[in-house]
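Please open the model in your viewer, show it as a cartoon, and keep the selection panel at hand. We will go from one stop to the next, and at each stop you will be told what to select and what is there.

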Amino acid sequence: MVGALTAVYLDPQLAEYGFGEDHPFNNFRYGAFAEAFQHLLLDKRVTIMKGCLATDAEITQFHTQEYLNFIKKKSAEGSGFLDYGDTPVVPGIFEASAYVVGTVLDAVDQMMEGTIKRAFVPIAGLHHSHTAAASGFCVFNDIAIAIHTLRQKYNVEKIAYVDIDVHHGDGVYYAFENDGDLVFADIHQSGIFPGTGHPYEQGKGQAKGKKLNIPLPAGAGDEDFFAVWPHVEKLLEQEKPEFIILQCGADSLADDPLAYLQYSEKPHAYATRRLCELANKYAQGRLLALGGGGYNLQNIARAWTAVVRSLIDMPFDK
Ligand SMILES: [Zn+2]
């Protein structure tokens, strides 16, 4: 639908970001979403967009030049690991990673130029990547790069990042731990990778109190999520962000092979609806949703289409 204010990046090139068919982050994840999205005819109700490659200058807004060079070299070599064993090298992983970043930055541009208000980018939301290190299937941290872009290119300072992936968004948390203008809220499973995100991690210095880490025990489900969610809204109401990013990893749904939360897709739909309302109130409607993790293909289809449906259904009024 041309002219819809919600966009979905439907672009098979995003499927290139993956680590082969035997890896949890395989190359079928994009297709699992795209097929369900089209089957439900959601593609008729949004603006369909294509991604693009990020430039080196965009990537080095967050990553070091040395790390960028390392990724390019390993990508050309085509073997080995980018970290201590979770994130293997596949040929072309540099280009695939740069494409994810470029696609997210295109969404930021379109949203800031006012062409669209809300966007969903599957495969993006690679929240474990650090300035100079790959980690947990994440090569470039598209979220941190988007935050730097919003600030440097568009003078948007106060940004909220909400993460409902089953894993703690450590790459984002530690990058902005001292940054009082990056409002951070993360609901995740305790005691699994990466082992961070304790409740006492509330930001440092002037950022103290601007970060919320809420671990839930293995086995926690929808009711547990809904019980803690109001803390997220309270923080955002207090901080009034000018732009909201949601990382909506599907690995917090029941039957993910790598984790043990027991959500249905309802928390994803609900979080999206509530963040749409907060975005209407404080952020001129701007909500950028990024797919994140999820290693059960049916859960990817369920969670991500639930997010998109909420983006479509929520009104833009204040
Ligand atoms: Zn995850």
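**Starting at a turn in the backbone**

Begin by selecting Leu41, which follows helix H1 and has a positive phi, near 65 degrees. Keep in mind throughout that this is a predicted model.

**Helix H1 and its partner H9**

Now step back from Leu41 and select H1 itself, residues 29-39, together with helix H9, residues 297-313; the two pack with their axes 8 Å apart and at an angle of about 50 degrees. Angles under 35 degrees count as roughly parallel and those from 65 to 115 as roughly perpendicular, and H1 and H9 are therefore oblique to each other. Their crossing is right-handed. To see the contact, show the side chains of Arg29, Ala32, Phe33, Ala36 and Phe37 on H1, and then those of Leu297, Ile300, Ala301, Trp304, Thr305 and Val308 on H9. Sorted by class, this contact of H1 with H9 holds nine nonpolar residues, one polar residue and one charged residue.

Which residues of H1 are buried? They are Arg29, Tyr30, Ala32, Phe33, Ala34 and Phe37, and these buried residues pack against strand E1 as well as against H9.

**Into the sheet**

Select the strands next, and you will find an open sheet of eight, paired in parallel and ordered E2-E1-E3-E8-E7-E4-E5-E6. Strand E2 (47-49) and strand E6 (211-216) stand at the edges with a single partner strand each, so one side of each has no neighbour in the sheet. If you look from strand to strand, neighbours in this sheet are turned against each other by 15 degrees on average, direction ignored.

Strands of a sheet pair through backbone hydrogen bonds, in either a parallel or an antiparallel way. Centre the view on strand E3, which pairs in the parallel sense with E1 over three bridges and, also in the parallel sense, with E8 over four bridges. Colour Phe120 of E3, and you will see Val8 standing opposite Phe120, while Ala289 in E8 also stands opposite Phe120. Both faces of E3 are covered, with Arg118 and Phe120 buried on one side and Ala119 and Val121 buried on the other.

Move along to strand E4 (residues 159-163) and strand E7 (residues 243-247), which run parallel and are joined by five bridges. Here Tyr161 stands opposite Ile245 in E7.

**Helices on the sheet**

Add helix H4, residues 93-113, which packs on the sheet and touches strands E1 (6-9), E2, E3 (118-121) and E8 (287-290), its direction making about 175 degrees with that of E3. Then add helix H8, residues 266-282, which lies across E4, E7 and E8 and runs at about 170 degrees to E7.

**Last stop: H7 against H8**

Keep H8 selected and add helix H7, residues 222-239; their axes come within 11 Å and cross at roughly 15 degrees. H7 and H8 are therefore roughly parallel to each other, and H7 passes H8 in a right-handed crossing. The residues in contact are Asp222, Phe225, Trp229, Glu233 and Leu236 of H7, and Lys266, Pro267, Ala271, Arg274 and Leu278 of H8. By class, the contact of H7 with H8 has six nonpolar and four charged residues, with no polar ones.

Definitions and conventions
Residues are numbered from 1 along each chain as its sequence is written. This is a predicted model: local features need pLDDT of at least 70, side-chain atom pairs count only at pLDDT 80 or more; totals for chains, interfaces and linings use all residues. Two strands pair if DSSP finds at least two bridges between them. Axes are lines fitted to C-alpha atoms, for helices over the stretch in contact, and angles run from 0 to 180 degrees between N-to-C directions. Two residues are in contact if their C-beta atoms, placed from the backbone, lie within 7 Å. A residue is buried if 20 or more other C-beta atoms lie within 10 Å of its own, exposed if 12 or fewer, and partly exposed in between; C-beta atoms are placed from the backbone. Angles under 35 degrees count as roughly parallel, over 145 as roughly antiparallel, 65 to 115 as roughly perpendicular and the rest as oblique. A crossing is left-handed if the near helix is turned anticlockwise from the far one by less than a right angle, and right-handed if clockwise. Ala, Val, Leu, Ile, Met, Phe, Trp, Tyr, Cys and Pro count as nonpolar, Asp, Glu, Lys and Arg as charged, and the others, Gly among them, as polar.
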